[in-house]
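Ready to work through a fold by hand? Grab a pencil, and try each exercise before you read its solution.

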Amino acid sequence: MVFKRNKKSGFVILYAVIVASVVSLSGILLGNIIVKQIILSSIGRESQFAYYEANSVDECIENAVNRAQFGFFLSGLEGEPAVFFEEENPSFLCDVQNFNTNPPSDANGDKVFDLMVGDCTEVRVILKEPDQLGDSVVLLRTKGYNICEVDHPRLVEKVIYRDYNNGGDL
């Protein structure tokens, strides 16, 4: 008995392996895209948390500035520098930590306050000396974080800047 060899043997297995590979690769790529989309949407949510943290502290510090809790400048007479008056017992509506009642002056003579509010928000308040018109400008930078751990890989920071007259509205 003589067997004739079929020249098409093994093609079904080859096709099955190719189809299985394509389906597996498509599934892996689709799974990778889904994971990246989930990460991006969670970063958007965390960014909102950081913004709300910065915004709430910004309002608290704005209130403190309007009540002169950081002190205030009075314009001197012509040719004389402004005089800084500091608040003796400042009270804040939020949990301000590391408050220095005698802040250092920078090169321009402005008073610089660096604060921590709660565990997740940093604030820098700069009281600028009055200009010739007698207006003392306040610069406020509030950094809010979504997570209180600085080394966390998913840390998101939002910064709010304000610039307004001391005792005036934003």
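A nonpolar core is a set of buried Ala, Val, Leu, Ile, Met, Phe, Trp, Tyr and Cys residues joined through side-chain atoms within 4.5 Å. Buried here means under 20% relative accessible area, with exposed being over 50% and partly exposed in between (1.4 Å probe, protein chains only). What you're looking at is a predicted model, where local features need pLDDT of at least 70, side-chain atom pairs count only at pLDDT 80 or more, and totals for chains, interfaces and linings use all residues. Residues are numbered from 1 along each chain as its sequence is written, and side-chain values use heavy atoms, leaving out hydrogens and water.

**Exercise 1. List the elements of the chain in order, and say how confident the predictor is in them.**

Step 1: count the elements. Helices (H or I, at least four residues) and strands (E, at least two) are DSSP runs, numbered from the N terminus. The chain has one helix and seven strands.

Step 2: put them in order. Starting at the N terminus, you read α-β-β-β-β-β-β-β.

Step 3: check the confidence. pLDDT is the predictor's confidence in each residue, from 0 to 100. The chain averages 78, and 78% of its residues reach 70 or more. Helix 1 comes out highest, at a mean of 88, while strand 2 (residues 83-85) is lowest, at 70.

**Exercise 2. Compare the span of helix 1 with the span you'd expect.**

Step 1: get the rule. The expected span of a helix is 1.5 Å times one less than its number of residues.

Step 2: apply the rule. Helix 1 has 56 residues, and the expected span is 82 Å. From first C-alpha to last, helix 1 reaches 82 Å, close to that expectation.

Step 3: look just past the end. A68 follows helix 1 and has a positive phi, near 60 degrees.

**Exercise 3. Find the largest nonpolar core and the elements that build it.**

Step 1: pick out the best-connected members. This core has 19 residues, and I61, F70, V123 and V125 touch the most other members.

Step 2: see who contributes. Helix 1 (11-66), strand 4 (111-117), strand 5 (121-127) and strand 6 (137-145) each give two or more residues to this core. Helix 1 supplies the largest share, five residues.

Step 3: set this beside a general trend. In soluble globular proteins, nonpolar side chains tend to be buried together.

Step 4: zoom out. Buried residues make up 31% of the 170 residues in the chain.

**Exercise 4. Work out how strands 3 to 6 pair up.**

Step 1: fix the rule. Two strands pair if DSSP finds at least two bridges between them.

Step 2: begin with strand 3 (residues 96-97). Strand 3 pairs with strand 4 over two bridges, in the antiparallel sense. Here Q97 sits opposite M116.

Step 3: move on to strands 4 and 5. They run antiparallel and are joined by seven bridges. F113 stands opposite V125, and M116 has E122 as its bridge partner in strand 5. Three residues lie between the two strands of this hairpin, where G118 takes a positive phi near 65 degrees.

Step 4: finish with strands 5 and 6. This pair is antiparallel too, over seven bridges, with L140 as the partner of V125 in strand 6.

Step 5: check the cover. Strand 4 is largely enclosed by the rest of the structure, because five of its seven residues are buried. Strand 5 is mostly covered, with five of its seven residues buried.

**Exercise 5. Is V125 buried or exposed, and which residues does it touch?**

Step 1: read its accessibility. V125, in strand 5, has 0% relative accessibility, so it counts as buried.

Step 2: list its contacts (heavy atoms within 4.5 Å). Leaving aside neighbours within four places in sequence, V125 touches I61, V65, F70, K111, V112, F113, V138, L139 and L140.

Step 3: check one distance. V125 and K111 are 14 residues apart along the chain, and their C-alpha atoms are separated by 8.1 Å.

**Exercise 6. Do the same for L127 and E46.**

Step 1: take L127, found in strand 5. Its relative accessible area is 1%, so L127 is buried. The C-alpha atoms of L127 and V137, 10 residues apart along the chain, are separated by 6.3 Å.

Step 2: turn to E46 in helix 1. At 16% relative accessibility, E46 counts as buried. Leaving aside neighbours within four places in sequence, E46 is in contact with N146 and V156.
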